[in-house]
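Biologist: Could you take a close look at a single residue of this chain and describe carefully where it sits, what surrounds it, and how those surroundings continue into the rest of the fold?

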Amino acid sequence: MSANKQRVTIKGTRDGLNIFIEDTCSFHEAMADLHEKIVESERTNDKQPVPVTVKIGNRYVDNEQQTDITELIETNSNLQVKKIESNVIHKEQALAWKEESEVKIVNRMIRSGQVLDIKGDLLLIGDVNPGGLVISTGNIYIMGNLFGIAHAGSGGDRKAIIAASYMKPSQLRIADYISRAPDYDSEGVYMECGFIDEKIDQIIIDRLQVLSTMRKDLSAFERRMFNG
């Protein structure tokens, strides 16, 4: 290893160790220096395994290379690789992430018997009539009347929410939770949202304003929708 160029550094954290691998050298050079660094820092076997996160910066590594990194570290030390973090992902992964994270805008009415199934967040400009069904892997925002069925977080996201200008659904679903038609004292409610309340372990309907405290991780786009 070059005396003035340290390609691998190890830093301790409250949760274990971080291993930083410089990203401009070749993978072969990185592995050689990583082996040298691990051997230098070898720990005794009588200690508990120490969790480690490997940070590789702007370097892409495939599954085989990730396996090589993990095996090198765990074979030569009592370190246990929990995660390998890279700033770079494969094009297919990027396209899949984009599809899952972007808001799909649909301008139409969902009539009885029709199904609208979307990946990512759904912004529907129109009504969902009784017997209609809208499904999204993310959040569902309906700028119209929700009389039918809405299923948010269909891939298992329990943090997903359902919001509508006028809320009187026949059924709400979020991830694997199902709520029957609410018993309203009135004909329905305006500008409300449905989400899973983990304290009572069920779907509840409340004012949109509660999302600022119940779902603080909503994106900037969603915050603009609610706050104007």
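Modeller: His151 counts as buried, at 13% relative accessibility, where buried stands for under 20% relative accessible area, exposed for over 50% and partly exposed for what lies in between, with a 1.4 Å probe and protein chains only. The model is a predicted one, in which local features need pLDDT of at least 70 and side-chain atom pairs count only at pLDDT 80 or more, while totals for chains, interfaces and linings use all residues. Residues are numbered from 1 along each chain as its sequence is written, and side-chain values use heavy atoms, with hydrogens and water left out.

His151 belongs to strand β10; strands (E, at least two residues) and helices (H or I, at least four) are DSSP runs numbered from the N terminus. Setting aside residues up to four places away in sequence, His151 touches Val134, Ile135, Ser136, Ile140, Arg173, Ile174 and Ala175, a contact being heavy atoms within 4.5 Å. A C-alpha distance of 8.0 Å separates His151 from Ile162, which is 11 residues away in sequence.

Three of these neighbours deserve a closer view, beginning with Ser136. This residue is placed in strand β8, which runs over residues 133–136, and at 0% relative accessibility Ser136 counts as buried. Beyond four places in sequence, Ser136 is touched by Ile118, Gly120, Asp121 and Leu122, and also by His151, Ala152, Gly153 and Ser154.

Ala175, another residue that His151 touches, lies in the loop between β12 and β13, the latter covering residues 177–180. Ala175 is buried as well, with a relative accessible area of 13%, and its phi is near 55°, a positive value in a residue other than glycine. A positive phi in a non-glycine residue also occurs at Asp201, where the angle is near 60°. Asp201 sits in the loop between β14 (189–197) and β15 (202–207), and with 49% relative accessibility it counts as partly exposed.

Val134, the third neighbour, leads from His151 into the nonpolar interior. Its contacts, apart from neighbours within four places in sequence, are Ile110, Leu116, Leu122, Leu124, Val128, Ile140, Ile142, Ile149, Ala150 and His151 itself. The largest nonpolar core has 22 residues, of which Leu124, Val134 and Leu146 touch the most other members; such a core is a set of buried Ala, Val, Leu, Ile, Met, Phe, Trp, Tyr and Cys residues joined through side-chain atoms within 4.5 Å. At least two residues of this core come from each of β6 (115–118), β7 (121–125), β9 (140–146), β10 (149–152), β11 (162–167) and β12 (171–174). Another core, of 20 residues, lies apart from this one and includes Leu17, Ile38, Leu72 and Ile73.

The strand that holds His151 is preceded by a loop, between β9 and β10, in which Phe147 lies. A search of the whole structure finds 1 aromatic pair, rings of Phe, Tyr and Trp (its six-membered ring) being paired if their centres lie within 6.5 Å, with planes under 30 degrees apart counted as stacked, over 60 as edge-to-face and the rest as tilted. The pair joins Phe147 to Tyr166 in an edge-to-face arrangement, at 5.8 Å centre to centre and 65° between the planes. Distant parts of the chain are linked in this way, since Tyr166 belongs to strand β11 and lies 19 residues from Phe147. Phe147 is partly exposed at 27% relative accessibility, whereas Tyr166 is buried, with a relative accessible area of 10%.

The loop between β7 and β8 contains Asp127, which touches Arg108, Met109, Ile110, Gly144 and Asn145 when residues up to four places away in sequence are not counted. A polar atom of the Asp127 side chain lies 2.8 Å from the backbone nitrogen of Asn145. The C-alpha atoms of Asp127 and Asn107, which are 20 residues apart along the chain, are separated by 9.5 Å.

As for the chain as a whole, it holds 5 helices and 15 strands, and 40% of its 228 residues count as buried, His151 among them. Of the contacts in the chain with a separation of 6 or more, 35% are between residues 24 or more positions apart.

Methods: A polar contact is a pair of N or O atoms within 3.5 Å; within protein, one must be able to donate a hydrogen and the other to accept it, and residues adjacent in sequence count only if both atoms are side-chain atoms.
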